[in-house]
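Thanks for coming, everyone. Please have the sequence and the structure open while I talk, and stop me if a term is unclear.

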Amino acid sequence: MIIKRAQIAAKAESVEGTAETLAGADAFLAQNISFSPEIEMGTRDNVSSSLSNFSQVPGARKATLEFDVELKGSGTAGTAPALGKLLLACGFGETVASGVSVTYKPASTGIGSISLAVYNDGVRYGVFGARGNVSLKLEKGKPGIFHFVFTGADFTVTDVAMLSSGVSYETTVPKPFLSATMTIDSYAALLGSMEFNMNNEVVLRPDVNASSGYKSAVITGRRPTLSIDPEMVLVATYDFFGKWRSGNEGALTLALTGSAGNICTITAPKVQYTGVKPADNSGIRSLGIDCQLNRNAGDDEIAIVFT
């Protein structure tokens, strides 16, 4: 089987924990796909006159499916991008302003489960009853990359032909992390990379009535963070260490500009430094800074807007 002959598809579940039937319209572009199934094997340590093992008993099942998706819009303002359904299953809410924008902000209720599958040259690896975590890495000169890790309540591996009918991928091209008009606490820091992570707490709901032993995965909490690597400057220019000491909270904004439907703006109202340490960036004094994204009114630690 050829590893690169692969597809991935996903669909929100109408009944939580019940696998959806996936079709070509559910396919989307992704890379670095990894499927990791697990089965709890029950050992049988019976004693007898022989030292030989007794067979083990397959028990509860689960699986994780992780992959990367490019940060890009649908190409039409006010139309949700393909990655939208993935963000929804990672604890985001979606607000669509028809013909104008699509906004994603963290949600605390109404987070639906999702079914996903990888089609690899004739074999289908399916995961369902899933919810997940997402991070976003932005590096100078490169497209932004979302990293998704979904935990599923069960999995299947079957022989299935690759999707053909109805497959239509977004044709938008991601913008590189350049000309980003990025500021944090009203300061235009010189930096080469930044990474957001929702740090969702994803756990499985036990269910002895289910053949896998689990009903579905659920998000029980989150602690969104940000890491940045700004160049060190004089304290008079911007006091990174002083802001850390005082517990200061500052707003962040950045925009990846492009054509309509492929403009992405990310904001965070209250970024707080939680760790600052000197670093060496090819001979340039820089800083490694860890941040926490705090609430303003609640469910607003970060906003990702496509226009």
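Strand S8 (residues 123–139) and strand S9 (residues 145–152) run antiparallel and are joined by 7 bridges, where two strands are said to pair if DSSP finds at least two bridges between them, and where strands (E, at least two residues) are DSSP runs, numbered from the N terminus. I should say early that this is a predicted model, in which local features need pLDDT of at least 70 and side-chain atom pairs count only at pLDDT 80 or more, while totals for chains, interfaces and linings use all residues. Residues are numbered from 1 along each chain as its sequence is written, and side-chain values use heavy atoms, with hydrogens and water left out.

Within this pairing, Ser 135 stands opposite His 147 in S9, and the two strands form a hairpin with 5 residues between them, where Gly 141 in the turn has a positive phi of about 80 degrees.

On to the other partners of S8. Strand S7 (residues 114–120) pairs with S8 in the antiparallel sense over 6 bridges, and Val 118 has Tyr 125 as its bridge partner in S8. Tyr 125 also stands opposite Val 157 in S10, a strand that pairs with S8 in the antiparallel sense over 6 bridges. Strand S12 (residues 193–197) runs antiparallel to S8 and is joined to it by 5 bridges, with Glu 139 opposite Ser 193.

How many residues of S8 are buried, meaning under 20% relative accessible area (1.4 Å probe, protein chains only)? The strand is mostly covered, since 14 of its 17 residues are buried.

Terms used. Buried means under 20% relative accessible area, exposed over 50%, partly exposed in between (1.4 Å probe, protein chains only). Helices (H or I, at least four residues) and strands (E, at least two) are DSSP runs, numbered from the N terminus.
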